[in-house]
Amino acid sequence: VVASIGVLVLVACVVMGAVTKKIIRPLQDLSRATQELSTGNLNTHVKIVTEDEVGQLAKSFNAMIKRLRETTVSKNSLEAIVEQKTRALKEANGTLLEANLSLKNLQELESKFVSMASHELRTPLTSISGFAAMMQKYGERLTDEQREKYLGAIVSESARLTRMINDTLDLKKIQHGKIELIPTLIDVKSL
């Protein structure tokens, strides 16, 4: 009987050792790995010893850790890209603000130019219109000298108007690079 009990204890110890080796140790290893994962350690790994349910659990755990590492790397890469793009957007925004300010200044200058040009163009037109209206209304009563004076003013103001228009058009051509400047020597003394 004692020998039977001894054999039974020996068999129980062997079975317990096998159970410990096949079930308890892998579960302890899995428990250790989950604790490491909970602290943020993505480099933990569970040794797969069996192909049973515990082995399948360890395999799934290792696959999950691998995906977490890949996702974390992707997240870090994305954060770097977002930071880089944000800097680029801030720079582009600064450039756009400067361009916008320059554009506002140009619009203000253009508005002033249009105002001055319209005033300068109205002056000769008013003179031409006035002298032409007087000639039309009082044409037969005007002396030759008066007619000559009015026609001279009309011709003079027309020429002035033509020069202003040509100067404005030349300015536009220069701005668009359509006028080729040809430098020539001049005698300053003759001027």
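**A walk through the salt bridges and cores**

Asp 144 is exposed, because its relative accessible area is 61% (exposed means over 50%, buried under 20%, and partly exposed in between, using a 1.4 Å probe and protein chains only). The model you are looking at is predicted, so local features need pLDDT of at least 70 and side-chain atom pairs count only at pLDDT 80 or more, while totals for chains, interfaces and linings use all residues. Residues are numbered from 1 along each chain as its sequence is written, and side-chain values use heavy atoms, leaving out hydrogens and water.

Let's stay with Asp 144 for a moment. Its partner in a salt bridge is Arg 147, with 3.2 Å between the closest N and O atoms (the term needs a side-chain nitrogen of Lys or Arg within 4 Å of a carboxyl oxygen of Asp or Glu). Why are these two separated by about one helical turn? Asp 144 and Arg 147 are three residues apart in helix α3, so about one turn lies between them (helices are DSSP runs of H or I with at least four residues, strands are runs of E with at least two, and both are numbered from the N terminus). Unlike the exposed Asp 144, Arg 147 counts as partly exposed, because its relative accessibility is 29%.

The structure as a whole has seven salt bridges. Look next at helix α1, which covers residues 2-38. There, the side chains of Arg 32 and Glu 36 form a salt bridge with an N to O distance of 2.9 Å. These two residues are four apart in the helix, so they too are separated by about one helical turn. Both ends of the bridge are partly exposed: Arg 32 because its relative accessibility is 32%, and Glu 36 because its value is 25%.

Another bridge reaches between helices. Glu 120 and Arg 160 meet through their side chains at 3.6 Å, N to O. This pair links distant parts of the chain, since Glu 120 belongs to helix α2 (residues 53-138) and Arg 160 to helix α3, with their positions 40 residues apart. Glu 120 is partly exposed because its relative accessibility is 34%, and Arg 160 is partly exposed because its relative accessible area is 26%.

Back in helix α3, which runs over residues 144-175, you will find Glu 157. Is Glu 157 buried or exposed? Its relative accessibility is 15%, so Glu 157 counts as buried. Setting aside neighbours within four places in sequence, Glu 157 is in contact with Thr 123, Pro 124, Ser 127 and Ile 128 (contact means heavy atoms within 4.5 Å).

Now for the nonpolar interior. Which residues make up the largest nonpolar core? Its seven members are Leu 30, Ala 33, Leu 37, Val 46, Ala 58, Phe 61 and Ile 65 (a core joins buried Ala, Val, Leu, Ile, Met, Phe, Trp, Tyr and Cys residues through side-chain atoms within 4.5 Å). At least two residues of this core come from each of α1 and α2. Phe 61 is a good residue to click on: beyond its neighbours within four places in sequence, Phe 61 is in contact with Leu 30, Ala 33, Thr 34, Leu 37, Thr 44 and Val 46. Apart from this core lies another, of six residues, including Ile 128, Met 135, Leu 142 and Ile 154. Ile 128 also appears among the contacts of Glu 157.
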